[in-house]
Amino acid sequence: SANPFESRGTTIMVLGILSLVGCAILGPVAWVMGNGVKKDAEGAGYPEPGNSKAGRICGIVGTCLAVVGIVAWILIAVVFATAATRFPTTVPR
C-alpha cells in the first residue's frame, strides 16, 4: 500500500531545497520536520519516504552552510573593526 507519509516528505524536500538556494531559515525547519516524519513512519511500520530523507539531508546541509556563513560574517566584522581601531585614518585639514 502507499506510504501515508509521502506528502509530508514532499513538503520537507521542498523546504530543504529552498534552504540551500537562499532561504537558510528553512533548513532547521526541514531538519526537524524530517526527523519527525522518520520517527512517525518507522513507528507505524513504514520506511522513511525518500523525499523526506532527501529534504532532511538538504535541511542539515542548509543549516550548516547558514551557520558557517554567520560565523564568516562575524569574523569579517571583527577583522574590520580591529583594523579600524588599530590603523585609524588621518583626515587632512
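I started with T63 and asked what touches it: G27, P28 and W31, once residues up to four places away in sequence are left out. Note to self: this is a predicted model.

T63, continued. I looked up where this residue lives, and T63 is in helix α3. Buried or exposed, I wondered? T63 comes out at 14% relative accessibility, so I put it down as buried; the cut-off for that is under 20%. Its side chain also reaches back to the backbone oxygen of G59, at 2.7 Å.

Next, the core. I pulled up the largest nonpolar core and got 7 residues: F5, I12, L15, L26, A30, V37 and A41. Both α1 (6-20) and α2 (26-43) put in at least two residues each. The largest share, 4 residues, is from α2.

F5 caught my eye, so I stayed with this core member. F5 counts as buried because its relative accessibility is 11%. I skipped the neighbours within four places in sequence and found F5 in contact with V37, D40, A41, A44, Y46 and P49.

Then aromatics. How many aromatic pairs are there in the whole structure? My search turned up 1. The partners are F5 and Y46, set edge-to-face, with 6.0 Å centre to centre and 70 degrees between the planes. F5 sits in the segment before α1 and Y46 in the loop between α2 and α3 (50-86), so this pair ties together parts 41 residues apart in sequence. I checked burial for Y46 as well: at 27% relative accessibility, Y46 is partly exposed, whereas F5 is buried.

Conventions:
Residues numbered from 1 in each chain as written. Predicted model: local features only at pLDDT ≥ 70, side-chain atom pairs only at ≥ 80, totals over all residues. Heavy atoms only, no water. Core = buried A, V, L, I, M, F, W, Y, C linked by side-chain atoms within 4.5 Å. Buried < 20%, exposed > 50% of the residue type's maximum accessible area, 1.4 Å probe, protein only. Contact = heavy atoms within 4.5 Å. Phe/Tyr/Trp six-rings, centres within 6.5 Å; stacked < 30°, edge-to-face > 60°. Polar contact = N/O pair within 3.5 Å; in protein donor to acceptor, adjacent residues only side chain to side chain.
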